[in-house]
Structure formats: structure tokens, C-alpha cells
Amino acid sequence: SVLWCPIPKSVSHLPLTVDVRLTMLGTRLATVPVEIPLPSNTKDANQYSILLCLKALVVPFPIGSYEVDTKLFIEWVELNRILGVEHITVYVQNTTKKMEEVLIYYANTGFIDIRSKQQEPGRPLYELPRRNVELNDCMYRHYNAYDRILMIDSDELIIPVRARSLN
């Protein structure tokens, strides 16, 4: 689902953060920063073709060791690059030192954008409302710069059937 939160005209300045709740006085699910995307008429609009939003980077992966996890993640990133993905946004809460080194390497190349994933105290990471916050953040952060935004997990791949790439 997509969360849309218009700011009333009576507000004289933009807030720094917004609380996400299911009801006006309900329990806070998340606090997200407010960012204004580029207007669609700027020269940077749709300058790229494909962005991949990684819902959540969970380490270790279900299959096992940290060593395997890092290698599988590198294979996943490189295969997506070969298939035509131009940029990946990754939401990370905590990870291993080895995975952090891999993420920093790709961030330094400009291929991966590392975003901090905030967890509410007492709420499991896998809860659906929490995951939607990151997906919404990724979509609204980049929707004017990319033609297509893919939202998948690190154990998923989109393989084109009739073409050699996703472009």
C-alpha cells in the first residue's frame, strides 16, 4: 500500500518528521523524515530507467553463514546490474561487519544508496505496516528520477523472458 500525506496549506514550514499511525490517536508505527522530491519538470526528472528498492536487508539470510550471505548478496547485486538495474536503495537496520564493508563498497561506487531502517521498540522487523514505510519512502524519494521502480527482496530476481535485460 501507498501512504499519501498532503501537507495543509495553513502550515508555514515543513515538519522534519511525520509519525505514521493507523488512526489519529493510535500507536505510532514509525517516524519517517519528510523529504521533497524534485518536481517532474526539472531536468533531472526520469534521468534513469530502473531503480530497485530492497525492502529489508536481513542478515543472516535464511540459508546460513555470514560468509555465504555476503557472497550471495554480491551475486544478487551484480546479477541485477547485468539485467539493467541502474541503482539500488537498501534499508538496513543492523548487519555484520563483512556485509557493511560490501554495502560501503557499492555505496562508494554510487550503485547502492544505504538508508537506515528504524525499528519501533517492541515491534518485530517483519511486521507488514513497518515494511510499507520503507517501500513508500523509497518510492517517493525516487519517483521523479526513474522510469521504473522495482520493490523486491534480496532472495528474489526479476528475469526477463523475451529480452536480455529489464530495459
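Select Cys53 and Cys138: with -75° about the S-S bond, their link is left-handed. The two residues form a disulfide, S to S 1.8 Å, where a disulfide is a pair of cysteine sulfur atoms within 2.5 Å. By this rule the count comes to one disulfide. Cys53 lies in strand β3 (residues 48–57) and Cys138 in helix α3 (residues 128–142), so the bond ties together parts that are 85 residues apart in sequence. Helices (H or I, at least four residues) and strands (E, at least two) are DSSP runs, numbered from the N terminus. Both cysteines, Cys53 and Cys138, are buried. Buried means under 20% relative accessible area, exposed over 50%, and partly exposed in between, with a 1.4 Å probe and protein chains only.

Before moving on, note that this is a predicted model, in which local features need pLDDT of at least 70 and side-chain atom pairs count only at pLDDT 80 or more, while totals for chains, interfaces and linings use all residues. Residues are numbered from 1 along each chain as its sequence is written, and side-chain values use heavy atoms, with hydrogens and water left out.

**The whole chain**

Now show the cartoon. The protein has three helices and six strands, and from the N terminus on they run β-β-β-α-β-α-β-α-β. Of its 167 residues, 36% count as buried.

**Helix α3 and the loop after it**

Stay on α3 and select Asp137 and Arg141. These two form a salt bridge, with the closest N and O atoms 2.8 Å apart. A salt bridge is a side-chain nitrogen of Lys or Arg within 4 Å of a carboxyl oxygen of Asp or Glu. Arg141 and Asp137 are four residues apart in helix α3, which puts about one helical turn between them. Arg141 is buried, at 18% relative accessible area, and Asp137 is buried too, at 16%.

Next, select Tyr143, in the loop between α3 and β6 (146–152). Tyr143 is partly exposed, with a relative accessible area of 38%. Add Leu51 to the selection: Tyr143 and Leu51 are 92 residues apart in sequence, and their C-alpha atoms are 9.3 Å apart in space.

**Helix α1 and a surface patch**

Go to Glu78 and Arg81. The structure holds two salt bridges, and Glu78 with Arg81 is one of them, the closest N and O atoms being 3.3 Å apart. Glu78 and Arg81 are three residues apart in helix α1, separated by about one helical turn. Glu78 is partly exposed at 28% relative accessible area, and Arg81 is partly exposed at 34%.

Then select Leu79, which is found in helix α1 (residues 66–82). Leu79 is partly exposed, with a relative accessible area of 31%. Add Ile82, Leu157 and Ile159 and turn on the surface: with Leu79 they make a nonpolar patch of about 370 Å². Patches are made of residues with over 30% relative accessible area and no salt bridge; like charges are joined within 9 Å, and nonpolar side chains (Val, Leu, Ile, Met, Phe, Trp, Tyr) within 5 Å. The areas come from the Shrake-Rupley method with a 1.4 Å probe, and for residues only the protein chains shown count as cover.

**Helix α2**

Select residues 97–109. This is helix α2, whose 13 residues reach 19 Å from the first C-alpha to the last, close to the 18 Å expected at 1.5 Å a residue. The expected span is 1.5 Å times one less than the number of residues. Colour Met99, Val102, Leu103 and Tyr106, the buried residues of α2. Look down the axis of α2: these buried residues fall within an arc of 95°, so they line one face of the helix. The arc is that of the directions from the helix axis to the C-beta atoms. On the other side of α2, Lys97, Tyr105 and Asn108 are exposed. Gly110 follows α2, and its phi is positive, near 85°.

**Towards the N terminus**

Last stop: Leu16, in the segment before β1 (17–21). Leu16 is exposed, with a relative accessible area of 73%. Add Pro33: Leu16 and Pro33 are 17 residues apart in sequence, yet 5.8 Å apart in space, C-alpha to C-alpha.
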